[in-house]
Every structure is written in structure tokens, then in C-alpha cells.
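I opened this entry to record what I looked up, going from the whole chain down to a single residue.

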Amino acid sequence: MWKMMLVTFACLLVNGWLEARDPVKVACVGNSVTFGYLLENREVNSYPAQLQRLLGEAYEVQNFGRSGATLLRRGHRPYHQMEECQKALQFAADKVIIHLGLNDTDPRDWPDYRDDFVNDYLSLIAAFREANPKCEVWICRMTPIFHWHSRFKSGTRDWFWQIQQKIEEVAALAQTGLIDFHPQLYRRPDLMPDALHPTAEGAGFLAQAVYGHLTGDFGGLQLPATYSDNMVLQREKPLRIAGQANAGETVTVAVAGKKAKTVAAADGRWTVTLPSLQAGGPYTLEVKAASGKITCRNVLVGEVWLCSGQSNMAFRVDQSVKEEVEAALQSATASSRIRLFNMQPRWYTNNVEWEASVLDSLNRLQYYAETQWTECSAQTVKEFSAVAYAFGKMLADSLGVPVGLILNAVGGAPTEAWIDRKTLEWEFPDILYDWKKNDFVQNWVRSRGAKNIARSANKEQRHPYQPCYLYEAGIAPLGQFPLRGCIWYQGESNAHNLEAHERLFRLLADSWRKNWQEELPFYYVQLSSLNRPSWPWFRDSQRRLMATVPNTGMAVCTDRGDSLDVHPRRKQEVGERLARWALNRTYGRACVPSGPLFKSLQTEGAAAYVSFDFAEGLRSADGGALQTFEVAEVEDRYVPAHAEVFGNRVKVWSEQVQHPRYVRYGWQPFTRANLVNGAGLPASTFRSGEGCLNCH
């Protein structure tokens, strides 16, 4: 009995000690973002205040932020001289979170004192460790500074990223934790009204990030939405699978007899790379951790392609001409090797004003409806892209392997909407400014976007057509889901300015390849025929881009245009022409990838001879005379010309031009051009440009 009494007494003592134990002290050190500048009721809404509520009574969180403070000791407002710094050191925290560097982008600071940054940061960290030798320290990558900041292009942009790099160096040297304050807010400019300071909702993201690092709780095991039942995994490449878990958890991934294990990092992220798989299945993918288990069933291994662009890629199978619809639905019933990941917009960009609930969802990047992989059937394929399905079916039939198609096309979307923010900030920043009044953005795009969001009072209201938006809502969520390549049908919303598009198209390919960390094949569709005056120039620009953007190919579809409709209804051949590029260039199959593409021009007397790539079997599509060739001696003074096949070249001449130097073809918005090769594939619109090879 005495033993029981002693045990009970001991338990009471322990419980009393636990109840009386001092809370863990957390010091939030920083500048105006930590302080909560511009926040209404900052004592409640600053990130340290929100962190306190997340952590609960076991923690005591104090805000030691000071507006305008610099990390640099020789900066214009050095934090180490501030009263807040002295109070933070006296607090002797158990956990110290430091977010400094934003104000060091000032021209009074970084240009003169950048060499001090690392040592000054190390000194600050050392001071907190001296105040409490047992303290843990985390330093933070800076929150974003957006392009409408007054000094963005004059230096802040450049210095900001230099400082981010230095912060990472400091974390490694001082062996601190590193919290990334950047990504969440970088995708939410609507939460940064002055380009620098987050709203209360934005501060909540910071609080959540710190909470995760302090507790290790990142919401348990998670995978991107692209991992689901019926999915297709890319064959014959090391298979990278990435997700989220609680910090320090062991994560095990197994599929098709392959298995890998890793430990979730301090930020909860984990990545495994499995050996490459051969085509086959079905398999089961299992991902396990202490916090949960995710199982994806009926998984195939084959070829995965991303299918993107605007309305002609989004154009559904059931909108095609009747015979193509019937053929697709009939083949889909037996196409179990094709799987579809159909990302459909929640709201279409019709000529309407959207409700407030839509506008809020847009700002939260919730533009696409939730989806998952589905098997190909008559029901699922009729709502899928006609071009993408024809592409995938030709690949599946030709290669004899499963094919997975990810579709995220959006009607009317301009190229700039699909490019990541950092790329545009560095390579084309002018297109970011006031996009609804920006001449780099097509007038129709601007006006339709303005119409859709007319009811918003938010100056930074988002829209799918806004530069960067569709990358942030439709590409970033894919993570780096393993792909073989991309197909693209877009340009109608950029045809007003081919010079800008030439820059944007290169940036688009670079942006996506940077995300997937490889030079993915990028096959695209040239604009068709339509009565819009700029289109011949734009089509020729698209042709020329093949020579400047590596690992690309262009499918010609001028013969399938409609003079009055931007959405021609014959799509099957367009998808198959894209597939030809993939079969030839990506898979090494012996098929002709393209119709005739202009190569060179030579003259002999009064005739010009045009040479082409893919010129075997040149002929007219209809058996008649070749149409729409024009010739000129002086640029821009073209006259209609006679043309006939001459071996693997085309002879072009006119009685009105005795010394031809230039030839163009298909140079009408809606063209009756009819040159094809032996595979029946149409020649591209072209303009010979600088003239012929042997003209004098």
C-alpha cells in the first residue's frame, strides 16, 4: 500500500511539474513584414500573432519586427542597433526565427555593403546563440518583392535574388534551419497590395510555414493530384516521385517490383527516384509513411504527354465533324491503353461578369476543377481534346504501349499566361505591368479579362489571361510529374504582335523545360487559315521558330482552316500530324514528320527554284495547278506566279518579273495553298526572307 501511495505521489509531482513548465519561447525577428506593417489590427493579424494561435499555450511567441530594418550593419537602418534587437536578445528565446534582407535591396545598402552581408548575418545569429546557447535558429528566404515596386527594374529585382542566394549560404555556414517564405506568396500577388507587405491572409502563410518547421507537422503524407488510380507513369526514364509528409518521416514508395525509401526533409518535402520501368501494367503504386498511406491502383507504364494551349487544343471530341466524333467514340471503347487527365476550367471566359465567389477562387488559383486519371471510354473521350486524343491514339497504335494525356488548355489564353513569373520578371518584365491596359497583350484578351473581373475592387485581382496565371494554376500544380514531352496549339491570342510572340514562345519552352529539368520535346500547331490580316506573317514566324527553339516541330493545318471560324471542326488530322513529329523525332520511327518546309531559293534566268525539307513526292493536293505562289524582284512588290513541281523543287516564275529574288507562298489569311508531299502533308506558309542564294 505504501508503494502505491508513493507512486501516486510521484505521479502528482510529475504532473504538477508539467503543468508548471515554462512555455517554449519563440522570437520572431525581422522587418516590417514580421512587424505587420499596413495590417489592420496587427497585434492579431501579424504572422507572429497567428503563429501563437497555431502553436497554443505551450509556446510564447514574441514579435520583434522593426519596419525598415536592414540586416547590413552599415545599412541605412541596421537591425542590430534597434531597440527590438536588444529586447529580442534579452528574451533569450528557445527558438529564433529571423526574416531580414528585404530592405537591404535599397540602393543605399546592397551596392556598397554587399560584401558584409554574410558576416553580418553570422554575427546576428551568434548573438542569439550567446543569449541562449541552447536556442535553435531558423533564417528565412525573403518574401517576394513584386514587379510594381517602384525600384523593381532599377535594381531591386537583381539584388533581391542575390540576397536570397546569400541567405542560403548563411544557413549552411551557421547550420541553422532554413524556412522558405517565398513560394506561397510568390504565386499570390493579390495578397501583396503594395508589392512588399502581405495581407493578413498572406501573413497566415508565413505563420503556417514557421509552425511546420517548429513542430514538424506539414499535414501528413501527400501526393500531387496527378497521382491517382488509372494513371500512367513514364517508361524508360528514372522515375522521380515527389510529395509532402511530416518532417523526419520515413517514406517508402513501391510500384512494379521497384522500391525506394527516403526521409522527409525539415520542410516536409521528399523525393525518391525509382529505376526506369518498361511499358506494362496494371500495377499498384503504394506510398507509405507514419502519417498515412496512399494507394493508386490500375497504374500503367507507358508514354505521358502534356497537351496545352488555347481553345483549339481544348476543342472537344464531341464538337468535331460527325465522322470524326463517330470514329473517336468507336475507337475509345477499345482504347484501354489510353488514359486521360482532363483539367477543365471551373468557369469559361465567356463575355460575362463573374460573381464575387468566382473572383475569390481565381485569386486562390482554384481555376481548374478537381480531377483524376480516367480510363479512355466513349463517355470520357467525348469531353476530351479532339487534337490530343488523335495524337495519343496514333502514338498508342504505333508504339503499342499505354499513353497518358494531361490536358490543361484554356480557351483564349495568351502565351504569357503560361510562363512562370520569375522568367517574365527577368526576360520580359514589361508585359507584367497593368496587363489590362498593356499593348503587349492582345486587345481582345485585355477586354475579355476586364469584362470577367469587372466586379472586383481588388487592384491585383487575378484572371486566367493574366501573365503567369495559368503557369501558377495549371503547370506548377503538376509538379514535375514525369513526362515524355508537350504538344501545344496556341497563338490566336498573340497573333497581333509576332515580335512579342517570338520572345514569349522561346520563354514558354524554356520555362517548362526548367520546371521539368530537361529539354522536353515541344511540338506545336501552326495557326490555320482564317480571315485575319496578321495571320500569314504570324504563321511564317511560327515556321521560323523551329530553327531557333531546339527540339521542336510544327504541324501545318492551313488546309483545315475555316475562313469564318477560328475553331475549324476537323481535328483528327491535326493531332495525327503532331504525332508524326513525335514518332519521327522522339521515337525514331521511319515516318515523314511534316509537309514541305522552305529550305532555300535559287534562280536560273527568269525563274526561281524553291527547295524544301521533306520534299519527296511533291504535288498538288487536288491534282490541279499549284496555287498561291508569288514572286518579286523587290521586297513587298509581289505578283501572282506560275508554279510547277520540278523534281524535288518547285519552279516559280511570272512574265512580270524578269529577275526574281523573293518568293512567298500561302500568304493569305485564309489560303487555298495546295502544295503537299508524297505523304499528303501540306506545305507551310513561307516567305523566302533575305532573298535567293545566287542573286546578284
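Before counting anything, I wrote down what I mean by a cavity: a set of points on a 1 Å grid over the protein atoms alone where a 1.4 Å probe fits but cannot get out. I also noted that I am working with a predicted model.

**Cavities.** With that rule, I counted three cavities of 30 Å³ or more, and the largest cavity holds about 60 Å³ of space. I then listed the lining of the largest cavity, which consists of Met554, Ala555, Val556, Arg577, Trp581, Pro593, Ser594, Gly595, Leu681 and Pro682. Looking for the elements that give two or more residues to this lining, I found β18 (552-555) and α21 (572-586). Sorted by character, the lining of the largest cavity has seven nonpolar residues, two polar ones and one charged one.

**Whole chain.** I looked up the secondary structure next and found 21 helices and 28 strands in the chain. The C-alpha atoms fill a box of roughly 115 × 60 × 45 Å when taken along the principal axes. Of the 696 residues in the chain, 56% are buried, and the chain exposes about 29,000 Å², with carbon and sulfur atoms supplying 48% of that area. For the contacts with a separation of 6 or more, I noted that 74% come from residues 24 or more positions apart.

**A sheet.** I followed one open sheet of four strands, which run in the order β23-β22-β26-β28 with antiparallel pairing. Its edge strands are β23 (639-640) and β28 (686-687), each of which pairs on one side only. I looked more carefully at β22 (residues 629-632), which pairs with β23 in the antiparallel sense over two bridges, and there I found glutamate 630 opposite proline 640 in β23. As a reminder to myself, strands of a sheet pair through backbone hydrogen bonds, either parallel or antiparallel.

**Alanine 266.** Is alanine 266 buried or exposed? I counted alanine 266 as exposed because its relative accessibility is 52%, and the cut-off for exposed is over 50%. Alanine 266 has its place in the loop between β9 (258-263) and β10 (269-274). Leaving out residues up to four places away in sequence, I found that alanine 266 touches His213, Phe218 and Ala247. I also checked alanine 266 against arginine 339, which is 73 residues apart from it along the chain, and their C-alpha atoms are separated by 35 Å.

Notes. Residues numbered from 1 in each chain as written. Predicted model: local features only at pLDDT ≥ 70, side-chain atom pairs only at ≥ 80, totals over all residues. Heavy atoms only, no water. Pairing = 2+ DSSP bridges. 1 Å grid on protein atoms, 1.4 Å probe; cavity = no way out; pocket = protein on both sides within 12 Å on 5 of 7 lines; lining within 4 Å. Points joined across faces, edges and corners; volume = space filled by probe spheres on them. Nonpolar A, V, L, I, M, F, W, Y, C, P; charged D, E, K, R; others polar. Buried < 20%, exposed > 50% of the residue type's maximum accessible area, 1.4 Å probe, protein only. Contact = heavy atoms within 4.5 Å. Areas by Shrake-Rupley, 256 points an atom, 1.4 Å probe, with all protein chains shown as cover.
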